[in-house]
Amino acid sequence: QFGAEVEIARVGCFDACGKGPNVGISRGDGTGISLDGMTEPERLRRTFMGVKDDAAVARVAELVAGWLKAEPARVAAARAAFNDDPNLSLDVPGAAEA
């Protein structure tokens, strides 16, 4: 469903075996992600817990799809905040001339 944007990998322990099956979401560098729509315990562990049936899998897929759709805007906002984008400027036009 997600194409090359998502890689599924087997990982080690989430320390939540009793609440499983569990699904963790992370960036390419391994940094865990908390998504809007996760329960508070899931947000704290950055892990979807109790993914036992089709409805739970659909919930994970829907939240991940929403996150992926919004990711370009998050990246652009972060670049603008740190002015990492050479096409963006926080300078006021003409201010250097004053």
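**Exercise 1. The surroundings of Glu42**

Leaving aside its neighbours within four places in sequence, which residues is Glu42 in contact with? Place Glu42 in the fold, list its partners, and classify its polar pairs.

*Solution.* Before starting, note that this is a predicted model, in which local features need pLDDT of at least 70 and side-chain atom pairs count only at pLDDT 80 or more, whereas totals for chains, interfaces and linings use all residues. Residues are numbered from 1 along each chain as its sequence is written, and side-chain values use heavy atoms, with hydrogens and water left out.

Step 1. Glu42 lies in helix H1, where helices (H or I, at least four residues) and strands (E, at least two) are DSSP runs numbered from the N terminus.

Step 2. With contact meaning heavy atoms within 4.5 Å, the partners of Glu42 beyond four places in sequence are Thr47, Phe48, Met49 and Arg59.

Step 3. Glu42 has a relative accessible area of 3% and is therefore buried; the scale calls a residue buried under 20% relative accessible area, exposed over 50%, and partly exposed in between (1.4 Å probe, protein chains only).

Step 4. The side chains of Glu42 and Arg59 are joined by a polar contact of 2.6 Å. The term denotes a pair of N or O atoms within 3.5 Å; within protein, one must be able to donate a hydrogen and the other to accept it, and residues adjacent in sequence count only if both atoms are side-chain atoms. The Glu42 side chain also reaches the backbone nitrogen of Met49, at 3.1 Å.

**Exercise 2. The salt bridges**

Determine how many salt bridges the structure holds, and describe the exposure of the residues that form them.

*Solution.* Step 1. The criterion is a side-chain nitrogen of Lys or Arg within 4 Å of a carboxyl oxygen of Asp or Glu, and the structure holds two such bridges. Side chains of opposite charge can pair when their charged atoms come close.

Step 2. One of them is between Glu42 and Arg59, whose closest N and O atoms are 2.6 Å apart. This pair links distant parts of the chain, since Glu42 belongs to helix H1 and Arg59 to helix H2, 17 residues apart. Arg59, at 28% relative accessibility, counts as partly exposed, whereas Glu42, at 3%, counts as buried.

Step 3. Arg43 forms a salt bridge with Asp36, with 3.9 Å between the closest N and O atoms. Here Arg43 is partly exposed at 31% relative accessibility, while Asp36, with a relative accessible area of 66%, is exposed.

**Exercise 3. Helix H2 and the nonpolar core**

Describe the geometry of helix H2, and establish what H2 contributes to the largest nonpolar core.

*Solution.* Step 1. Helix H2 (residues 54–82) has 29 residues and spans 41 Å from its first C-alpha to its last, close to the 42 Å expected, the expectation being 1.5 Å times one less than the number of residues.

Step 2. At its N-terminal end H2 is capped by Asp53, a side-chain oxygen of which lies 3.3 Å from the backbone nitrogen of Ala55. Further along, H2 bends by about 40° at Ala70, and Pro72 follows within four residues; the bend is the angle between axes fitted to the seven residues ending there and the seven starting there.

Step 3. The buried residues of H2 are Ala56, Val60, Ala61, Leu63, Val64, Trp67, Leu68 and Glu71, and what covers them includes S1 and strand S2 (47–48).

Step 4. A nonpolar core is a set of buried Ala, Val, Leu, Ile, Met, Phe, Trp, Tyr and Cys residues joined through side-chain atoms within 4.5 Å. The largest one has twelve residues, among them Ile25, Leu35, Met38, Phe48, Val60 and Leu63. Its largest share, six residues, comes from H2.

Step 5. Phe48 illustrates the packing: beyond four places in sequence, its contacts include Ile25, Leu35, Met38, Val60 and Leu63, as well as Glu42 and Arg59.

**Exercise 4. Two loop residues**

Locate Thr31 and Arg46, and relate them in sequence and in space.

*Solution.* Step 1. Thr31 is found in the loop between strand S1 (23–24) and helix H1 (40–45), and Arg46 in the loop between H1 and S2.

Step 2. Thr31 is partly exposed, with a relative accessible area of 34%; Arg46 is likewise partly exposed, at 41%.

Step 3. The two are 15 residues apart in sequence, and their C-alpha atoms are 9.6 Å apart.

Step 4. The phi angle of Arg46 is near 55°, a positive value in a residue other than glycine.
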